[in-house]
Amino acid sequence: MTAAPQYRSIFTQFLEYTQHKNLPNGRSLHAHIVKTGDTGCSYIANSLVNFYAKCRLLPEARLAFESIENKDVVSWNSLINGYSQLGGRKNFIFVMELFKKMMSQENVVIVLPDARTFAGVFTAASALMDSFGGKQVHTVAVKLGKCGDVFVGSSLLNMYCKAGFMEDARKVFDEMPERNSISWATMISGYSMQRICGDALGLFKALVAEEEEHVNEFVVTSILSAFTLPEFVHIGRQIHCLGLKHGLLAHVSVGNAIVTMYSKCGSLDDALKAFELSSNKNSITWSAMITGYAQGGDCRKALTLFSKMHLSGLIASEFTLVGVINACSDGLTIGEGKEAHGYSIKLGYQDQIYIMTALVDMYAKCGSLDDARKGFEHLQAPDIVLWTSMIGGYVQNGENECAMDLFCRMQTEGISPNELTMASVLKACSSLAALEQGKQIHATRSSTDSGSRFRSGARSRRCTRNAEALRMAVSCSEECRQGMSSLGTR
C-alpha cells in the first residue's frame, strides 16, 4: 500500500525532516497538518510518531501515537523502537509495557508484532536483564514464526548472552536459518563474557572456516576479549595476525582490543608495539596501555605515559584515571596520586564510584588513612567494593579496631560482605585475638553460603582461605592466653 496522492508530498517532507532531524520544519508541518485535518491518514500519523521519536522527543511521539484511532504495526513499532533506541531504564521498562499493551485483547483492532517489534523489545529486555519477560516474548515470536529473521535472532541472542543463559543462546544461534556478522560476534562475545574460552575459540574457528567474509572488527574485538590471561597470549597473537590479514587494524576498536589483550596477558612489549603502531589512538587506547603498566608494577612508565597523553590534548576518561591512580598505589608516588585526585575533581569525576574506590585503595596502600576515609565518606551510597577497600586498608595498616568498627557499621546498614571482605575481617580478628567474634563472623558467613544449593570451586577455595584465617585467629588467641597465663604465674 502507498499513501494517497494528496498525502504523498507531506509524507515525503516528513521523511526528509526525520532523516535530518529538522525539528523546526517538522513542527511547522505538524501544525499545517492539524490545521488542514490530514491527521486521519495513517501514513501521516505514523510519520509524526516516527519523526518525534527520531528527534528524541518521546513525550510528543507518545501524544501523536495516542491520537491515532486505528493503530497499525508501524504505529506501535515507531514508539517501541523510539523508546528502545533512546535507552535508559525507564524507557526500557516502558517498552515492555507497550508490548504488553500491544498484545492486549482490549485493543479495538488486534495488531500482531513483526520482526521490528521483536528486535526493539528484545533490546529492552536485554538491557533490563529481564530474562523472564524476554522468554515470554520469545515464546510469542516462536508462535508467530518471527525467529527466522536475522535481526530478531541477533537481538534474542544478545538478551540470552547478557543474562548468562549460554545454552539458550547457543540453541537460538544453531537454529538461525541465516546469520550475519552481528550474530557471530554476539555469540562469541557471550562466551567471552562468561570466560568460556574453548567454545569462543571453537565458534571463531568455525566462522573462519565456513563464513570468513563475516570476520569483521566486531568479531575480532569479541574473540580477543576471551584471551586476556598469560597462558592464552599465543592464541591472541594468532588472532592479531588474522586481523592484520583482513585489514582490520585500521579500526580503532580492534587496535584497542589488541593493546588490552597484550597488556592483560602481561606482554607489555607487544602491547607497546601495538600501541605505537595505532594511528588513531583514543582515550581507551591510552587507558589500556597505562593500566597495563600499572598492573605490571611499572608505575613510572604508567605515569610518564599519562603525562604524554595529557600533553597530546586528549581528555582522560574515568577508566584512564583509575589506571593512573592504581599506578600511584606503591607508597612512593602519593604526590602524583594527589595530583591525579585533583585532576579527577577538575574533570567532574568526584562522584564516580570507580574513581573513589581507586582513590580509597591508593590512599590506604600509601598509609594515608585519613584521606582514604574522607574519600569513603564522600559517597552517599558506597558499594561493597568500596567498603572492602576501606576495611582492607585499615587491616593493612594495622588499624584492626577501626576495621572491625567499620565492618559492624556495614552490617548495620544491611550490606552483605563478600569473600574479600571476610578475609580482611578475619585477619583483623586474628590480629586482635578476637576468637569468639571471629567464630561468630565465620559461622554467619558459612550459614549464608550453605543456603546456596551449588558452590563453585572458586567459592570453595575462598571459604578454605577464610577457614585458614579463622585458624590463624584461634592460634593467635591461644598464644595470647598462654602468654597471659605464664605472666600470671611469675
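**Close-up views of a predicted helical model**

**View 1. A salt bridge within helix H10.** Asp174 and Arg170 both belong to helix H10 (residues 166-175), where they sit 4 residues apart, about one turn of the helix. In this predicted model, the two residues form a salt bridge whose closest N and O atoms are 3.0 Å apart. Asp174 has a relative accessible area of 44% and is therefore classed as partly exposed, since that class lies between the 20% and 50% limits. Arg170, with a relative accessible area of 27%, is partly exposed as well. Over the structure, the count of salt bridges comes to 13.

**View 2. A salt bridge between helices H14 and H16.** The side chains of Arg237 and Asp270 meet in a salt bridge, with an N to O distance of 2.7 Å. This pair links distant parts of the chain, 33 residues apart, with Arg237 in helix H14 (residues 233-245) and Asp270 in helix H16 (residues 268-277). Arg237 has a relative accessible area of 35%, so this residue is partly exposed.

**View 3. A salt bridge between helices H18 and H20, and a network.** Here the side chains of Arg300 and Glu336 meet in a salt bridge, at 3.0 Å from N to O. The pair again links distant parts of the chain, with Arg300 in helix H18 (residues 299-311), Glu336 in helix H20 (residues 334-346), and their positions 36 residues apart in sequence. Arg300 is partly exposed, with a relative accessible area of 48%, and Glu336, at 27% relative accessibility, also counts as partly exposed. Elsewhere, Arg373, Glu377, Arg409 and Glu413 are joined into one network by salt bridges that share partners.

**View 4. The surroundings of Asn77 in helix H5.** Asn77 is placed in helix H5 (residues 73-86). With a relative accessible area of 2%, the residue falls under the 20% limit and so is buried. Leaving aside residues up to four places away in sequence, Asn77 touches Gly82, Asp114, Arg116 and Thr117.

**View 5. The surroundings of Thr320 in helix H19.** Thr320 is found in helix H19 (residues 318-327), and its relative accessible area of 0% makes this residue buried. The side chain of Thr320 is joined to that of Ser317 by a polar contact of 3.0 Å. When residues up to four places away in sequence are not counted, Thr320 touches Ser283, Ser287, Ile290, Phe306 and Met309.

**View 6. Asp130 in the loop between helices H7 and H8.** Asp130 lies in the loop that runs between helix H7 (115-128) and helix H8 (131-143). The residue is partly exposed, having a relative accessible area of 26%. Its contacts, not counting residues up to four places away in sequence, are with Met96 and Ala125. Asp130 and Lys162 are 32 residues apart in sequence, and their C-alpha atoms are 9.9 Å apart in space.

**View 7. Cysteines without a disulfide.** A search of the whole structure finds 0 disulfides. Cys299 is accordingly in no disulfide, and the nearest cysteine sulfur, belonging to Cys328, is 7.4 Å away; a pair would need its sulfur atoms within 2.5 Å to be counted, so this separation does not qualify. Cys299 counts as buried at 11% relative accessibility, whereas Cys147, with a relative accessible area of 24%, is partly exposed.

**View 8. Helix H25 and its start.** Helix H25 (residues 419-432) has 14 residues, which at 1.5 Å a residue should span 20 Å, and its end C-alpha atoms are 20 Å apart, so the expected span agrees with the model. At the start of H25, a side-chain oxygen of Asn418 comes to within 3.1 Å of the backbone nitrogen of Leu420. Several residues of this helix are buried, among them Glu419, Met422, Val425, Leu426 and Cys429.

**View 9. Segments annotated as PPR repeats.** The unreviewed UniProt entry carries the annotation "repeat: PPR" over residues 149-183, 282-316 and 383-417. Across residues 282-316 the chain is 74% helix and 0% strand, with end C-alpha atoms 9 Å apart. Across residues 383-417 the chain is 74% helix and 0% strand, and the end C-alpha atoms are 10 Å apart.

Note on methods: Residues numbered from 1 in each chain as written. Predicted model: local features only at pLDDT ≥ 70, side-chain atom pairs only at ≥ 80, totals over all residues. Heavy atoms only, no water. Helix = DSSP H or I, 4+ residues; strand = E, 2+ residues; numbered from the N terminus. Buried < 20%, exposed > 50% of the residue type's maximum accessible area, 1.4 Å probe, protein only. Contact = heavy atoms within 4.5 Å. Expected span 1.5 Å × (residues − 1). Polar contact = N/O pair within 3.5 Å; in protein donor to acceptor, adjacent residues only side chain to side chain. UniProt positions renumbered as here; feature names shortened; annotations may be inferred. Salt bridge = Lys/Arg side-chain N within 4 Å of Asp/Glu carboxyl O.
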